[in-house]
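Me: I'm new to this structure and would like to learn how to read it. Could you take me through it feature by feature?
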Amino acid sequence: MNLHEPLLLPSSGAKLALPLDETAQQNVRWGRDAVRNLLTQPRSDGRLLVVIGPCSIHDPDAALDYASRLVEATKQHHRELLIVMRVYVEKPRSTVGWKGLIHDPDYAQTLGHSDPDLNKGVLISRQIMLDIAKKGLPVATELLNPLLVHFFQDIVSVGVVGARTTESQTHREMSSDMPMPMGFKNGMDGGLQVAIDAMTASSRPHTVVGVDDEGRLAYHLSHGNPDTFVILRGGSNGPNFGPEQVQQAAQELVRAGKKPAIVVDCSHGNSMKDYRNQGSVAACLANQIAAGGPIMGVMLESNINEGRQDVPNKGAEAGLKYGVSITDGCVGWHETELILDCLAAAVRERQARSAVVESIPDTIAAEALEDEKHLVGVPASNITFACPVRC
Ligand SMILES: O=C[C@H](O)[C@H](O)COP(=O)(O)O
Ligand SMILES: C=C(OP(=O)(O)O)C(=O)O
């Protein structure tokens with residue numbers, strides 16, 4: 001293979017070789033509708049969106065093992081949590097590094113041993129997403145390269161635009177054309193306005209340039225995507241998961257004429273890039289949720305085993321540890337279960353609280369909802385929610 005000459009990608013071939021069967025199609029539709037329902041009627045659903053999984057996928061067996069565990073967690077917490085698995089196959093890098101399974105499934109470029117095999121990456125990534133969707137787990141992924149999106153957009157239930165690309169017009173055009181709800185991370189400096197601007201831009205129709213099913217360069221007019229939300233991930237100015245910051249974000253969204261649809265990332269800038277802080281961030285969010293705070297969802301970087309590892313120089317066969325991230329550090333499965341228990345308990349509190357609101361006449365409930373102190377009595381930051389993880 002000579003990668004200095006252009007090579008063709010499988011284009012429609014990937015979808016023909018790995019089609020979305022009826023079961024997977026139904027599951028994808030179910031996931032999208034469930035998230036849309038949370039966006040449009042958060043009170044009637046009452047659950048918390050939990051976007052959880054490895055920082056990046058590199059080993060298909062471990063990804064499916066993780067997905068099976070998450071299916072069990074979904075059965076356990078289905079009344080409180082809408083669990084969506086992070087199946088991230090592309091990674092945005094600050095400078096350079098492994099760019100994900102789709103770009104380099106054999107770590108060839110990372111290790112400098114041979115040329116990366118993008119064709120193989122596309123097929124493996126699509127297969128993993130399909131297998132996970134067939135299990136009934138909705139798939140979330142970062143949509144990083146707008147030309148590669150074509151290979152898996154039919155399987156994804158939640159799309160994410162990352163902190164490094166939220167401000168990009170191309171990514172906003174792409175989002176306006178996506179058939180699933182899309183989350184926009186705040187900027188790398190912590191600024192929320194770029195994410196709010198991204199919601200506005202992608203809600204409108206745009207000319208979108210991409211590839212058609214035959215792989216030809218093409219364009220069409222998108223419809224605009226009304227199903228969008230922001231993701232608070234912290235930034236260079238520090239974390240932004242605290243109750244005052246979340247309330248402020250909700251106010252900024254409402255001022256911009258949007259629903260206060262907020263997902264909070266426990267990792268990245270909010271964990272100050274140390275996975276061991278994710279449990280405490282989640283506990284703080286559980287406190288806010290129990291107190292009725294405006295949090296629609298939570299994101300977590302979690303894997304089978306905790307921490308991270310570098311790809312050994314000799315390649316994967318030469319001793320990658322099973323179920324351990326090769327990008328950002330993740331919490332392990334045991335801590336993941338504790339965090340999910342904690343979040344589910346917080347949601348039960350919130351559901352009980354909103355049952356109180358529903359039990360009083362609408363006129364009073366509307367006033368009461370405007371000021372959560374009517375319901376809670378004390379500010380969210382003063383409530384200590386009993387959480388099994390470090391609080
Ligand atoms: O989520 C993963 C990383 O935070 C992201 O890819 C950036 O990583 P880097 O700063 O190590 O390149
Ligand atoms: C890269 C990611 O996040 P961010 O864009 O917030 O850095 C991620 O979630 O994997």
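Me: Is Met 272 buried or exposed?
Reply: Burial can be read by counting neighbours, and the cut-off for an exposed residue is 12 or fewer other C-beta atoms within 10 Å. Met 272 has 12 C-beta neighbours inside 10 Å, so Met 272 counts as exposed. Do keep in mind that this is a predicted model.

Me: Where does Met 272 lie, and what is phi there?
Reply: Met 272 lies in the loop between strand 9 and helix 10. Its phi is positive, about 50°, although Met 272 is not a glycine.

Me: Which other residue that is not glycine has a positive phi near 50°?
Reply: Look at His 268, where phi is near 50°. His 268 has its place in the loop between strand 9 (262-265) and helix 10 (278-290). This residue counts as buried because it has 24 C-beta neighbours inside 10 Å.

Me: Let's turn to the ligands. Which residues are around ligand 1?
Reply: A good habit is to list the shell and then sort it by class. Around ligand 1 are Cys 55, Lys 91, Pro 92, Arg 93, Ser 94, Gly 97, His 268, Thr 327 and Asp 328. By class, two of the shell residues are nonpolar, four are polar and three are charged.

Me: And which residues are around ligand 2?
Reply: The shell of ligand 2 consists of Cys 55, Tyr 88, Pro 92, Glu 142, Gly 162, Ala 163, Arg 164, Lys 185, Arg 233 and His 268. Sorted by class, this shell has four nonpolar, two polar and four charged residues. Cys 55, Pro 92 and His 268 are named both around ligand 1 and around ligand 2.

Me: Where is Cys 55, and which residues is Cys 55 in contact with?
Reply: Find the loop between strand 1 (48-53) and helix 4, and you will find Cys 55 there. Cys 55 is buried because 21 other C-beta atoms lie within 10 Å. Leaving aside neighbours within four places in sequence, the contacts of Cys 55 are Tyr 88, Glu 301, Ser 325, Thr 327, Asp 328 and Cys 330. Cys 330 shows how folding can bring together distant parts of a sequence: Cys 55 and Cys 330 are 275 residues apart along the chain, while their C-alpha atoms are separated by 6.9 Å.

Me: What about Arg 93, buried or exposed?
Reply: Arg 93 is exposed, because 11 other C-beta atoms lie within 10 Å. Its place is the loop between strand 2 (81-86) and helix 5 (108-111). As another pair to compare in sequence and space, take Arg 93 and Ala 195: these are 102 residues apart along the chain, with 19 Å between their C-alpha atoms.

Me: Ala 195 brings us to helix 8. Which residues of helix 8 are buried?
Reply: A helix makes one turn every 3.6 residues, so residues three or four places apart point the same way. In helix 8 (residues 193-202), the buried residues are Ala 195, Ile 196, Ala 198, Met 199, Ala 201 and Ser 202. Their cover includes strand 4 (158-161), helix 7 (169-176), strand 5 (182-185), strand 8 (228-232) and helix 9 (243-255).

Me: How do helix 7 and helix 8 cross?
Reply: For a pair of helices, look at the distance between the axes and then at the angle. The axes of helix 7 and helix 8 come within 8 Å and cross at roughly 50°. The two helices are therefore oblique to each other, and their crossing is right-handed. Arg 172, Ser 175 and Ser 176 of helix 7 make the contact with Ala 198, Ala 201 and Ser 202 of helix 8. By class, this contact has two nonpolar, three polar and one charged residues.

Me: And how do helix 4 and helix 6 cross?
Reply: The axes of helix 4 (residues 60-77) and helix 6 (residues 118-134) come within 10 Å, crossing at roughly 20°. That angle makes helix 4 roughly parallel to helix 6. The crossing is right-handed. On helix 4 the contact is made by Pro 60, Ala 63, Leu 64 and Ala 67, and on helix 6 by Ile 124, Ile 128, Asp 131 and Ile 132. Seven of these residues are nonpolar, none is polar and one is charged.

Me: Finally, how many helices and strands are there in the protein chain?
Reply: The protein chain has 13 helices and ten strands. Of its 391 residues, 47% count as buried.

Note on methods. Residues numbered from 1 in each chain as written. Chains lettered and ligands numbered in written order. Predicted model: local features only at pLDDT ≥ 70, side-chain atom pairs only at ≥ 80, totals over all residues. Buried ≥ 20, exposed ≤ 12 C-beta atoms within 10 Å, placed from the backbone. Helix = DSSP H or I, 4+ residues; strand = E, 2+ residues; numbered from the N terminus. Contact = placed C-beta atoms within 7 Å. Near = placed C-beta within 6 Å. Nonpolar A, V, L, I, M, F, W, Y, C, P; charged D, E, K, R; others polar. Axes fitted to C-alpha atoms, helices over the stretch in contact; angles between N-to-C directions. Parallel < 35°, antiparallel > 145°, perpendicular 65-115°, else oblique. Left-handed = near helix turned anticlockwise from the far one by under 90°.
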